[in-house]
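The following exercises are to be worked with the sequence and the structure in view. Each task is followed by a solution in steps.

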Amino acid sequence: MQRADRITGIITLLLGAWVALLSTDMQLLSDGVPGPGLLPLICGVVFVGLGLALLLKPTEAVTPAPWPKPQDGGRVLGTMASMAIFTLLVPILGFPVSAALFLSAMIWWWADYSPWLAALFGVVLALTMMLVFQVLLNAPLPEGLWQ
Amino acid sequence: MEVFTQLGAGFETALQPTFLLYALIGVFLGTLVGVLPGIGPTAGIALLIPVSTGLDPIAALIMLAGIYYGSMYGGSTTAILINTPGEAASVVTAMDGYQMARQGRAGSALSIAAIGSFVAGTLGVVGLMFLAPPLARAALSFGPPEYFALMLLGLTIVISLAGKSLAKGLISAVAGLLISLIGLDPIYGSPRFTFDTLSLLGGIDFISVVVGLFAISEVLMGVEARSASYVTNRLQGIWPTRDDLRRSTKPILRGSALGFFLGILPGSSSAVTSFLSYDLEKKLSKYPQKFGTGVIEGVAGPEAANNGATSGGMVPLLTLGIPPSAPLAVLLGAFLVLGVRPGPLLFTDQADLVWTLIASMYIGNVMLLVLNLPLVGMWAKLAKIPFPVLGPTVLALSVIGTFGVRNSMFDVWMALVFGVVGYLMHKVGIPGVPLVLALILGPMFEAALRQSLTLSRGSLDIFVERPMTLGLLILAAGSIAFSLHSRLKEGRLINSGVLGAEDV
């Protein structure tokens, strides 16, 4: 946890310094009235201070969320990648088709169901979402190239 | 009295079939959100805000408010049945409620929790009805300096929301402020931190941030933990005994009052409210040593306090535009998206909307009692939905929710980014709620500060010359002191192992 805090402290410090630097390119004060750059500058400086605080005095308690083991971390990364692919496909294939593919793939991967059962779940869930949101609630859903 | 006349008008509107339907949808979805582990009221409200923009604003707010207080009912169901609180405020309910379930008394625990929630919610709405209008009238004389002090008061809440490490909580809050600054400067119109990107000119939408931080990151944590399905205790009968009802009456009344008044205060966390009620009942009990082994008072008082706080929290939200908790922060965002500005003018400019909302809360509490008592078996089954099915569903819903805000895939990508950020924040112990609070209050805070200093030509005296502003600044200082005191108390509870750091 202390190492994680130190890394967080360094990132916070660097981010704060960068924000403060960018802020100086904006107007800070004009006749005592704050310009666009003042609050970002203050936030940047506070960030630097907080980063230093964390760097010099990391939390002593054990984190309630330890870093994942490689196998578990792989699942998390895989999920992030799957979500990114889903988001890339939505404007191309439209939400219903992309969602059906995504849901089927994820359920099959996580639940160890047979491919056909996972596909059935995926299609039913995607169609239900389309019915509830697009048809009943009139919410916009990406239609992709079918538009 | 004028209050009763306005409430009557509110009931006249709220009892229309359309609004009754949306109240029912809201409390049903809220209970579902509360029952399902992995989706809290914050994420539930955030996911449905874009959908609600197509509805009438009154209907939308009735539905979203229903989700908020409905989730408090639902959270206790999983706390009692499977020792998995649906949200932080139900942590205490699990302590005795789960023990009662193991003794075959789950039905009693669930029904007393539902009855206590109903009584507290109803009494809380009565309190809201009488306190809110005079508070709103007092706030009518607010100018930019008063709004600045008010937003500062709201931002002091981050101290109590900071969790175990104040530094990390402040990092989260400052990050939220910085994110709120991305886009066009509200006064000069010049771009800030947009890096010549067209998509960033409109800023980062708070729905994307909230969905990412609370819904997507929660799924990632569930994936890591290989969450599967849950085992429930068998439910035998749902009605409480006469003895349970007798022993629950005073704890419910005490919890209702305690929860309501603490819920008003910016800086009071829902978990602490429930614990204070538990602590009070234990101190007043003839057999305190039995607390933790399945005592009905340990369920009745905290559940009432938890639901009393939901109505209490609506007082500063509606009258001052200050959300005292995370779900209310998102609900504030919903108000703004729907074109409704909570604050002193709400009770004068949109009196029909606010009184209809208050009336619908009375109706919603009745609906929740009906939904939760006979249908408790159904809710128990829903809690068993396997995570491998629920998790991907939440991810797909996140796309719907974030795309619907501005019809933009950029917002969906932002949600994904913040989902990863939220996961990493959880890993290093940085809480997400201060970020959301600062993201919402930040623009109003900056605008009020700059307008005030424009009025005073740069002189800071404007903040001490005006009595209301000075009073609010003193209140902000008091809120900081109260929040620090609450943190110390939470720290003692965490150190004793009763609360986990993630529960506050």
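**Exercise 1.** State which helix of chain A holds A:Phe121, and find the nonpolar surface patch to which this residue belongs.

*Solution.* The model is a predicted one. Step 1: A:Phe121 is placed in helix 5 of chain A, which covers residues 115–136. Step 2: the relative accessible area of A:Phe121 is 30%, and this residue is therefore partly exposed, since that class lies between under 20% for buried and over 50% for exposed. Step 3: together with A:Leu117, A:Leu120 and A:Val124, A:Phe121 makes a nonpolar surface patch of about 330 Å².

**Exercise 2.** Describe the salt bridge between A:Arg75 and A:Asp72, and decide whether each partner is buried or exposed.

*Solution.* Step 1: over all chains, the whole structure has 14 salt bridges. Step 2: in one between the side chains of A:Arg75 and A:Asp72, the N to O distance is 2.7 Å. Step 3: both residues belong to helix 3 of chain A (residues 70–93), and because they are three residues apart, about one helical turn separates them. Step 4: A:Arg75 has a relative accessibility of 9% and counts as buried. A:Asp72 is buried as well, at 16%.

**Exercise 3.** Identify the salt-bridge partners of B:Asp243 and place them in chain B.

*Solution.* Step 1: B:Asp243 forms a salt bridge with B:Arg246, with 2.4 Å between the closest N and O atoms. Step 2: B:Asp243 also forms a salt bridge with B:Arg247, where the closest N and O atoms are 3.4 Å apart. Step 3: B:Arg246 and B:Asp243 are three residues apart in helix 11 (residues 242–264) of chain B, about one turn of the helix. B:Arg247 lies in helix 11 too, four residues from B:Asp243, again about one turn. Step 4: B:Arg246 is exposed, at 56% relative accessible area. B:Asp243 is partly exposed at 33%, and B:Arg247 is partly exposed at 22%.

**Exercise 4.** Which residues are linked with B:Asp185 in a network of salt bridges?

*Solution.* The network links B:Asp185 with B:Arg192, B:Glu446 and B:Arg450.

**Exercise 5.** Characterise the largest cavity by its volume, its lining and the elements that supply the lining.

*Solution.* Step 1: a search of the whole structure gives four cavities of 30 Å³ or more. Step 2: the largest cavity holds about 60 Å³ of space. Step 3: its lining consists of B:Tyr73, B:Ser76, B:Thr77, B:Leu110, B:Ala113, B:Ala114, B:Ser117, B:Asn372 and B:Val376. Step 4: in chain B, helix 4 (57–82) and helix 6 (106–138) are the elements that give two or more residues to this lining. Helix 6 of chain B gives the most, with four residues. Step 5: sorted by character, the lining has five nonpolar residues, four polar and no charged.

**Exercise 6.** Locate B:Phe193 and B:Asn407, and state the sign of phi in each.

*Solution.* Step 1: most residues other than glycine have a negative phi. Step 2: B:Phe193, although not a glycine, has a positive phi of about 55 degrees. This residue is in the loop between strand 2 (191–192) and helix 10 (206–224) of chain B, and at 12% relative accessibility B:Phe193 counts as buried. Step 3: B:Asn407 also has a positive phi, near 55 degrees. The loop that holds B:Asn407 runs between helix 18 (387–406) and helix 19 (409–428) of chain B.

Definitions and conventions
Residues numbered from 1 in each chain as written. Chains lettered and ligands numbered in written order. Predicted model: local features only at pLDDT ≥ 70, side-chain atom pairs only at ≥ 80, totals over all residues. Heavy atoms only, no water. 1 Å grid on protein atoms, 1.4 Å probe; cavity = no way out; pocket = protein on both sides within 12 Å on 5 of 7 lines; lining within 4 Å. Points joined across faces, edges and corners; volume = space filled by probe spheres on them. Nonpolar A, V, L, I, M, F, W, Y, C, P; charged D, E, K, R; others polar. Patch = residues over 30% accessible without salt bridge, like charges linked within 9 Å, V, L, I, M, F, W, Y side chains within 5 Å. Areas by Shrake-Rupley, 256 points an atom, 1.4 Å probe, with all protein chains shown as cover. Salt bridge = Lys/Arg side-chain N within 4 Å of Asp/Glu carboxyl O. Buried < 20%, exposed > 50% of the residue type's maximum accessible area, 1.4 Å probe, protein only.
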